[in-house]
Amino acid sequence: TQSVDYFGPCVNCAARVEALASGGQILISEETADMVAPLMEPGAVQFVHMGSFSLKGIVASVGIVQAVPTRLSLREFPPLAPASVVLEEPRRDPAGLQICEKCTRPMLCDHCDRKGGSRR
């Protein structure tokens, strides 16, 4: 077929954010909200910051924003419970040092920005 298949870290992040949403709820990352907010008609959409979450397969925590069309502002959704977040325990080497997601070495590496590995 000639269909296009999208993949990569951005798509993975979008899928994790989508998985947090309840039916009818619009959740986006803070980064996406910062890009689309200036494009919205003033007062058309309310952006509600829901907090930062650790999502499976995503190195940094992701700020989650709920986008609510103003005319639907009376809708209520359940809170984003930590149980609904897909958490992944960090990988560790045999000595118990956390493995860097960028370089796959123990966190004592000095060539990435995550120095000073932590033990359990």
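A polar contact is a pair of N or O atoms within 3.5 Å; within protein, one must be able to donate a hydrogen and the other to accept it, and residues adjacent in sequence count only if both atoms are side-chain atoms. One such pair sets the backbone nitrogen of Ser 22 at 2.9 Å from a polar atom of the Gln 25 side chain.

This is a predicted model, in which local features need pLDDT of at least 70, side-chain atom pairs count only at pLDDT 80 or more, and totals for chains, interfaces and linings use all residues. Residues are numbered from 1 along each chain as its sequence is written, and side-chain values use heavy atoms, with hydrogens and water left out.

**The sheet**

Three strands form an open sheet in the order S1-S3-S2, with antiparallel pairing. S1 and S2 stand at the edges with a single partner strand each, so one side of each has no neighbour in the sheet. Neighbouring strands are turned by 35° against each other on average, direction ignored. Axes here are lines fitted to C-alpha atoms, for helices over the stretch in contact, and angles run from 0 to 180 degrees between N-to-C directions. Helices (H or I, at least four residues) and strands (E, at least two) are DSSP runs, numbered from the N terminus. Two strands pair if DSSP finds at least two bridges between them. Three bridges join S1 to S3. Strand S2, residues 45–53, pairs with S3 over eight bridges. Strands of a sheet pair through backbone hydrogen bonds, either parallel or antiparallel.

Some of the bridge partners are listed here.

| Residue | Bridge partner in S3 |
|---|---|
| Leu 27 | Gln 66 |
| Val 48 | Gln 66 |
| Gln 46 | Val 68 |

S3 is mostly covered: seven of its eight residues are buried. Buried means under 20% relative accessible area, exposed over 50%, and partly exposed in between (1.4 Å probe, protein chains only).

**The nonpolar core**

A nonpolar core is a set of buried Ala, Val, Leu, Ile, Met, Phe, Trp, Tyr and Cys residues joined through side-chain atoms within 4.5 Å. The largest one has ten residues: Cys 13, Val 17, Leu 20, Leu 27, Phe 53, Leu 55, Ile 58, Val 62, Ile 64 and Leu 80. Helix H1 (9–20) and strand S3 (62–69) each supply at least two of them. H1 gives the most, with three residues. In soluble globular proteins, nonpolar side chains tend to be buried together.

Leu 80 joins this core from the segment after S3. Its relative accessible area is 12%, so Leu 80 is buried. Contact means heavy atoms within 4.5 Å. Leaving out residues up to four places away in sequence, Leu 80 touches Leu 20, Gln 25, Leu 27, Met 50, Phe 53 and Ile 64. Leu 80 and Ile 64 are 16 residues apart in sequence, and their C-alpha atoms are 9.7 Å apart.

**Gln 25 and Ser 29**

Gln 25 sits in the loop between H1 and S1. It is buried, at 8% relative accessibility. Beyond four places in sequence, Gln 25 is in contact with Leu 20, Met 50, Gln 66, Phe 77 and Leu 80. With Gln 66, a polar contact of 2.4 Å joins the two side chains. Glu 76 is 51 residues away along the chain from Gln 25, and their C-alpha atoms are separated by 9.0 Å.

Ser 29 lies in strand S1, residues 27–29. Its relative accessibility is 14%, so Ser 29 counts as buried. A polar contact of 3.0 Å joins its side chain to that of Thr 32. Not counting residues up to four places away in sequence, Ser 29 touches Val 17, Val 62, Gly 63 and Val 65.

**The cysteines**

How many disulfides does the structure hold? The structure holds zero. A disulfide is a covalent bond between the sulfur atoms of two cysteines. The criterion is a pair of cysteine sulfur atoms within 2.5 Å. Why is there no bond from Cys 10 to Cys 13? The sulfur of Cys 10 is 7.5 Å from that of Cys 13, its closest cysteine sulfur, which is too far for a bond. Are Cys 10 and Cys 13 buried or exposed? Cys 10 counts as exposed, at 67% relative accessibility. Cys 13 is buried, with a relative accessible area of 18%, and belongs to the nonpolar core described above.
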